[in-house]
Amino acid sequence: MTEERLSFQAEVSRLLDIVAHSLYSEKEVFLRELISNASDACDRLRYAALTDGALLGDDSGFRIRLVPDKDAKTLTVWDNGIGMSRDELVENLGTIARSGTGAFLNSLTGDAKKDVSLIGQFGVGFYSAFMVAERVEVFSRKAGEAQAWKWESDGRGSFTVAEAADEDAPSRGTRIVMHLREDAGEYLEDYRLRQIVKTYSDHIAVPILLGKADDAESVNAASALWTRPKSEITAEQYKEFYHHVGHGFDDPWLTLHWRAEGVIEYTGLLYVPKERPFDLFDPKRRHRVKLYVRRVFITDEAEGLVPSWLRFLRGVVDSEDLPLNVSREMLQNNPVLSKLRAGIVKRVLGDLVKKAEDAESAADFATFWDAFGPVLKEGLYEDYAHRDDLLKLLRVRTTASDGALVSLETVLGRMKEGQEAIYYIAGDDRAALEKSPQLEGYRAKGVEVLLLTDPVDEFWVGSVREYKGKAFKSVTRGGADLAKIQGEEPEKKDTPPEGELSSLLAFCKLTLGDQVKDVRVSDRLTESPVCLVADDGDLDMHLERLLAQHKQLGAGPSKRILELNPTHPLIKRLAATAANEGAKPGLEEAAWLLLDQARIVEGEAVSDPAAFSRRLATFLERGLAA
Ligand SMILES: Nc1ncnc2c1ncn2[C@@H]1O[C@H](COP(=O)(O)OP(=O)(O)OP(=O)(O)O)[C@@H](O)[C@H]1O
């Protein structure tokens, strides 16, 4: 087959453009990326060879070699791992398959400085070679295949693939030759390469050799980091391993390294990242923890090893009990795997609870919660067994917390006498929620209300139902129960006589007909004239909107209750009119306007915009004329 020229996927071209032109201050990380890929390639072959020993041939010792050539001004990174076929070269080195890429590219601003830091978080893997090289050649021979392939590119829009001459390609694995740029000469120096390997890749379990010689010494420690005693691992090494294993470029927020002995034996080295990974909300909700069996990498897709509500964890679990030849399929419903999972969850939750209960680190815990709280909340309704611990971790913003996150315990401690429920309001945006008319009465009485703005909130409150005997209750559903609560007493305002109010209620009910479930007097409003609430047995309004957005609402939307504020001057006037003059066209229009107004405040569409606009115009005109 002759040489073929192919274009990079548009996203790759964009990335390469930024990579090549950015003033990346730490260009040296390209080597970490390539070594990381090389070590993954060795891991993958080691796993494949468990079932097909022939793949290793007579070369079973894995290694990575760095070969600088000062004359040719090239640096070569070579591994005898799994290698890539032609199609894999095209696919892996021409596209970006990872989910979250779209989100990442959209978040690029075009401002080089900001983008570099974003790229730092995202990681560009193989493509980082173009930070130091003006041309890159990749020679690869897949384990078990005879034909080797050559991929080549200058990183400007396209690449070529062709069959490689036998003598150019490794007998197995991948050889990456970087033709270094003028200003990248430092990467030809042995001391510099040693220094970079020590800094970033010491934890790599495969030996990294410098130079071509067969007896070259390995530059790194070449033992799996998690097998070393904790006392011998520096904070830097833990951090670098996190970068390798988690593909994260932030620093870990929490590092957990433990060895379990007893019913099952395993080692865990897990990290909680500081920042949200780009694919955290990918619908597949997959975790990324790598499963090893006695130092052999098995998979990073062991379903059930980590619950999806802990999918932000990164790291390694190395089991002593699973059989080495365990296939990925055999892992499903494997009892050892369930025990591993139980052990992991217990350990991680235990440490998180400790962090949560340490008053001194409240601000630190809040940054964690802001990043991963929405994911942990999924556990509240998915995993009954861990609900109590998760509730200890739960942090919320409330009408009384001034933007800070507080625990349910704090909220409980601030409840008023006679308050039987923990009140909440759910919506998309905190600022908008704080202006909700339904909150007015609670605010006036000094009753704290949770402001829930994550889409998952409605689901966990709905399934957890109560905390220490106090039910969660939405302020936009059912009665307000404010009369029973001994709070700060708001000043009493006049209300119209009972008869006038009932006339208005009856009139509104008659006029609005089946557009509302009921019209009633409100005790939750103090400022606004009207609001909508859901009836006790119906879905809360925000939840219903959420379900409708996701086309999950079986039946049509339920009807609302329109509540009128008897202390509002407008309602008083309307009540007097209804009692004294009975039905008149102006009053009918007013009833419709009240309903539309309540819908607008709720963020909902008015049912008949043309009629709304006509009524409003009539009213304004009348108002001006008066
Ligand atoms: N030395 C190698 N041997 C075999 N396959 C490789 C090698 N280097 C890269 N690959 C393949 O190319 C793919 C893309 O590599 P790349 O470094 O761009 O991304 P990644 O490793 O998936 O993620 P990250 O950007 O976080 O490193 C890898 O997933 C792997 O399949």
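Here are some short exercises on this predicted model, each followed by a worked solution.

**Exercise 1. Find your bearings: which domains does the protein chain have, and what separates domain 1 and domain 4?**

Let's start with the confidence scores. The mean pLDDT of the protein chain is 90, and 95% of its residues reach 70 or more. The model as a whole scores ipTM 0.97 and pTM 0.82.

Now walk along the chain. The domain assignment lists domain 1 (3–221), domain 2 (227–392), domain 3 (410–490) and domain 4 (496–626). Take the centres of domain 1 and domain 4 over their C-alpha atoms, and you get a separation of 65 Å.

**Exercise 2. Work out the order of the eight-strand sheet, and say which strands stand at its edges.**

Step one is to list the strands across the sheet: β1-β6-β5-β4-β7-β3-β2-β8. The sheet is open and its pairing is mixed.

Step two is to look at the ends of that list. β1 (4–7) and β8 (208–210) each have a single partner strand, so one side of each has no neighbour in the sheet.

Step three is the twist: ignoring direction, neighbouring strands here are turned by 20° against each other on average.

Step four zooms in on one pair. β4 (residues 133–141) and β5 (residues 148–153) run antiparallel and are joined by six bridges. Pick E137, and its bridge partner in β5 turns out to be E152.

**Exercise 3. Find out which strands helices α2 and α6 touch when they pack on this sheet.**

Take α2 (residues 29–51) to begin with. Its contacts are with β2 (64–69), β3 (74–79), β7 (173–180) and β8, and its direction makes about 20° with that of β3.

Then take α6 (residues 190–200). This helix touches β2 and β8, and its direction makes about 170° with that of β8.

**Exercise 4. Build the six-strand sheet around β14 and β17.**

Begin with the order, which is β15-β14-β17-β16-β19-β18 in an open sheet with mixed pairing. Its edge strands are β15 and β18 (466–467), each pairing on one side only.

Next, follow β14 (residues 395–398). On one flank, two bridges join β14 to β15 (residues 406–407) in the antiparallel sense, with V396 partnered by V406. Two bridges also link β14 to β17 (residues 449–452), again antiparallel, and R397 stands opposite L451 there.

Then check the side chains of β14. R395 and R397 point one way while V396 and T398 point the other way, yet all of them are buried.

Move on to β16 (residues 421–426), which runs parallel to β17 and is joined to that strand by four bridges. Here the partner of Y424 is L450.

Finally, add a helix: α14 (residues 457–464) lies across β16, β17, β18 and β19 (470–474), at about 155° to β16.

**Exercise 5. Which residues touch the most other members of the largest nonpolar core?**

A bit of background helps: in soluble globular proteins, nonpolar side chains tend to be buried together.

In this model the largest core has 94 residues, and L313, Y424, I425, V449, L450 and L562 touch the most other members. Helix α8 (residues 335–357) supplies the largest share, seven residues.

Look at L450 up close. Leaving out residues up to four places away in sequence, L450 touches V396, T398, V411, I422, Y423 and Y424.

There's also a second, separate core of 59 residues, whose members include A143, A148, W151 and Y187.

**Exercise 6. Is R477 buried or exposed, and which residues does R477 touch?**

First, locate R477: its place is in the loop between β19 and α15 (498–512).

Second, count. The cut-off for buried is 20 or more other C-beta atoms within 10 Å. R477 has 22, so R477 is buried.

Third, list the contacts. Not counting residues up to four places away in sequence, they are V533, A534, D536 and D540.

Fourth, see where V533 sits. V533 belongs to β21 (residues 530–533), where V530 and L532 point one way, C531 and V533 point the other way, and all are buried. β21 pairs antiparallel with β22 (residues 560–564) over four bridges, and the bridge partner of V533 is I561.

Last, compare R477 with R286. They are 191 residues apart along the chain, and 35 Å separate their C-alpha atoms.

Methods:
Residues are numbered from 1 along each chain as its sequence is written. This is a predicted model: local features need pLDDT of at least 70, side-chain atom pairs count only at pLDDT 80 or more; totals for chains, interfaces and linings use all residues. Two strands pair if DSSP finds at least two bridges between them. Axes are lines fitted to C-alpha atoms, for helices over the stretch in contact, and angles run from 0 to 180 degrees between N-to-C directions. Two residues are in contact if their C-beta atoms, placed from the backbone, lie within 7 Å. A residue is buried if 20 or more other C-beta atoms lie within 10 Å of its own, exposed if 12 or fewer, and partly exposed in between; C-beta atoms are placed from the backbone. Domain bounds come from an automatic or database domain assignment. A nonpolar core is a set of buried Ala, Val, Leu, Ile, Met, Phe, Trp, Tyr and Cys residues joined through C-beta atoms within 7 Å. pLDDT is the predictor's confidence in each residue, from 0 to 100.
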